[in-house]
Amino acid sequence: METRDEVDADTLRRFLLGIAEGLNAAMESVDRVDETMRAIASAYGAEDTDFVVLPTVILVQSGHGRTDRVALRTSRATALRFDQIAALYDLVGRARRGEVDPATGIDELNAIGTSRPRYPWFVRVLGHAVLTAGLSMLLTPTWQGALIAFGLGAVLGLAKLVRSPTLALVFPVVAAFASATVVFLIAPYVPVGDPIVLLIAPLVTFLPGGVITTATMELAAGQMIAGASRLVTGLVQLALLAFGILAAGTMLGVGDASYVALDAPSRFPWWVAVLGVLLIAVGDLLHFSAPGRTFGWVLLALSVAYAGQAIGAGIAGPSVGGFLGALAMTPLVLWISSLRIGAPSQLLFLPAFWLLVPGASGLAGLTEAIGTTEGLADFASALTSIMAIALGVLIGTAAHRAAQRGVQQVANLYVEPVSPEDATDDDRPAWLRWLPRRH
C-alpha cells in the first residue's frame, strides 16, 4: 500500500515531466530545461531527483533504494503559441518558488495545452500576412514584392489553421512549392526583386533558424545528443523547403540562374526598415496570440537585434551582422525575462531569430547548392552565419550572467515585508521591478 509521501512524490514526478515537456515545446535548450527542473525539484524538497532531458524523451528519477522511482515520457508536443508560452513560464516561475501544489500544477499544464487562442482565426491569418509583409520590407527592394509576400502570407496563414498530423509532415514542402510557383510565374512580369529572397518572407515561420541556433548552443554546452538531433532536424527542414522550391522551378522550366541570389536593383528608404520591424512585432502579436503586455518588449528586442545586425553587416558583412545582432539582443532578452514585469525569454527569442533570419540564408544557399553547380560556397557561408549567431547568443548569455551577479547584490538590499505572503508586486518599490527576480 502506497504511503502519502509516495503518492506526493509520484505527483511531483508527473508535474516535473509536464513542465519539461512544455519547455521542450517552447524550444528551450535542454541544458536550461535541466537547470529549471533541478531548481523546481529543490523548491519542493526533492534534491535527490535526477533528470535526463532530450528533445523527444524525458526521464525523471527520484528516491533511493527501494523507494527509487523512474518516470518516462516521450515528448512529441507541437509548438506552443506565445500566449501558451507566457502562461507556461508564469507557472514555471511560481513552481521555482514552490508556490504551486503539484496536483494543481498538472491541472494548469493541461489547461495551458488545451487553451484557445486569444484572437479569432481571421485575426491570426491577418497577423501571419502582416508578419510576412514586415519581413519582406527588410529583404526585398520593391513594393510589389512586399504586396505579393503579404498575399502569400495570408494564404499560408489560413492553411496553417488546419490541424492535421498528416498535413503537418508535408505542409512545409507544399507551402514552399505553392509559394515558389506563384513567385516564379509573376517574376517575369512584375518587378519583385530577387525571387529566392522574396520566398523567404512567406516561409519565415517554417524556417528552422531557432532550431539550428538552439542546436548549436546545445552542442557548445556539451549536450551532444540533443544538439546533433536538432541540427539534423533543422537541416532536413531546410532541405524540404528547398525541395519544394526546386520542384516548382522544375515544373515551370525555371533556369539555373533563377536560383542564384541577385543584387537588389534598388533599396527602400531607411524608414521602411523601421516600419518593417514594427509590422513583424504586430504580426507576432496577432498570429501567435501573444499577450498584449509583451508587445513593447518584443518590439524592443526586435529593434535591438535589427540595429546590431545592420551595424555589423555594414562594417564586415552578413556573418558579423548576425553575430552583433545576437550579441546585442541576447543580454536584453535575458534581462527582460528576469524582470517582475518582463516577458518569457523564448517569447522574445523566437521573433528575434526570425528577424536575424539564421535559416533564411541557409534556405537560399541550399536552394542554390542543389539547383546550380556553384552554390556550395554560399551554403557554407550560410552555415557560418548560423554559427556566428549562435556564438553571439552564447557570449551574450555569459555577459548577462556576469552582470546579473552584480545587479543581484543591489536587489538584496531590499528587505521583504514581515508578511511577504500579503505583499504583491505592486507593493514593492518601483525600482525593484526593474531588477531580476529572486527565485
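A residue counts as buried when its relative accessible area is under 20%, as exposed when that area is over 50%, and as partly exposed in between. These cut-offs are applied below to a predicted model.

By that rule T36, with a relative accessible area of 11%, is buried because 11% falls under 20%. T36 sits in helix α2, which covers residues 30–43. Apart from neighbours within four places in sequence, T36 is in contact with L23, V92 and R96. A20 is 16 residues away from T36 along the chain, and the C-alpha atoms of these two residues are separated by 8.6 Å.

The chain as a whole can now be set around this residue. The chain has 439 residues, and 50% of them are buried. Its secondary structure amounts to 16 helices and three strands. Of the contacts with a separation of 6 or more, 72% are between residues 24 or more positions apart. The surface that the chain exposes comes to about 20000 Å², and carbon and sulfur atoms supply 64% of that area.

Helix α5 gives an example of a mostly covered element, with 15 of its 19 residues buried. The helix runs over residues 121–139. From the first C-alpha to the last, α5 reaches 27 Å, close to the 27 Å expected at 1.5 Å a residue.

Cover is also found outside the helices. R81 lies in the loop between β3 (69–74) and α3 (82–96). Is this loop residue buried or exposed? R81 has a relative accessible area of 12%, so it counts as buried. Leaving out residues up to four places away in sequence, R81 touches S115, R116, P117, F288 and S289.

P331 offers a case from the intermediate class. This proline lies in helix α13, residues 318–338. Its relative accessible area is 24%, and P331 is therefore partly exposed, since 24% lies between the 20% and 50% limits. When residues up to four places away in sequence are not counted, P331 touches G396 and H400. L394 is 63 residues from P331 in sequence, while the C-alpha atoms of the two are 9.8 Å apart in space.

The next topic is charge pairing. A search of the whole structure finds 10 salt bridges. One of them returns to helix α2, where R38 forms a salt bridge with D34 and the closest N and O atoms are 2.8 Å apart. R38 and D34 are separated by about one helical turn because they are four residues apart in helix α2. An α-helix has 3.6 residues a turn, so residues three or four places apart point the same way. The two partners fall into separate accessibility classes: R38, at 36%, counts as partly exposed, whereas D34, at 19%, is buried.

Salt bridges that share partners join D10, R13 and R14 into one network. Within that network, the side chains of D10 and R14 meet at 3.5 Å, N to O. D10 and R14 both lie in helix α1 (residues 4–25), where they are four residues apart, about one turn of the helix. Both ends of this bridge are partly exposed, D10 with a relative accessible area of 31% and R14 with 39%.

A further salt bridge is made by the side chains of R97 and E99, at 3.1 Å from N to O. R97 is partly exposed, with a relative accessible area of 33%.

The last stop is a nonpolar patch on the surface. Which residues make this patch of about 520 Å²? W143, W270, W271 and V274 make it. Helix α11, residues 270–287, contributes three residues, the largest share of the patch. W143 is placed in helix α6, which covers residues 143–159. The relative accessible area of W143 is 40%, so this tryptophan is partly exposed. That value also fits the patch rule, because residues in a patch must have over 30% relative accessible area.

Definitions and conventions: Residues are numbered from 1 along each chain as its sequence is written. This is a predicted model: local features need pLDDT of at least 70, side-chain atom pairs count only at pLDDT 80 or more; totals for chains, interfaces and linings use all residues. Side-chain values use heavy atoms; hydrogens and water are left out. Patches are made of residues with over 30% relative accessible area and no salt bridge: like charges are joined within 9 Å, nonpolar side chains (Val, Leu, Ile, Met, Phe, Trp, Tyr) within 5 Å. Accessible areas come from the Shrake-Rupley method with a 1.4 Å probe; for residues, only the protein chains shown count as cover. A salt bridge is a side-chain nitrogen of Lys or Arg within 4 Å of a carboxyl oxygen of Asp or Glu. Helices (H or I, at least four residues) and strands (E, at least two) are DSSP runs, numbered from the N terminus. Buried means under 20% relative accessible area, exposed over 50%, partly exposed in between (1.4 Å probe, protein chains only). Contact means heavy atoms within 4.5 Å. The expected span of a helix is 1.5 Å times one less than its number of residues.
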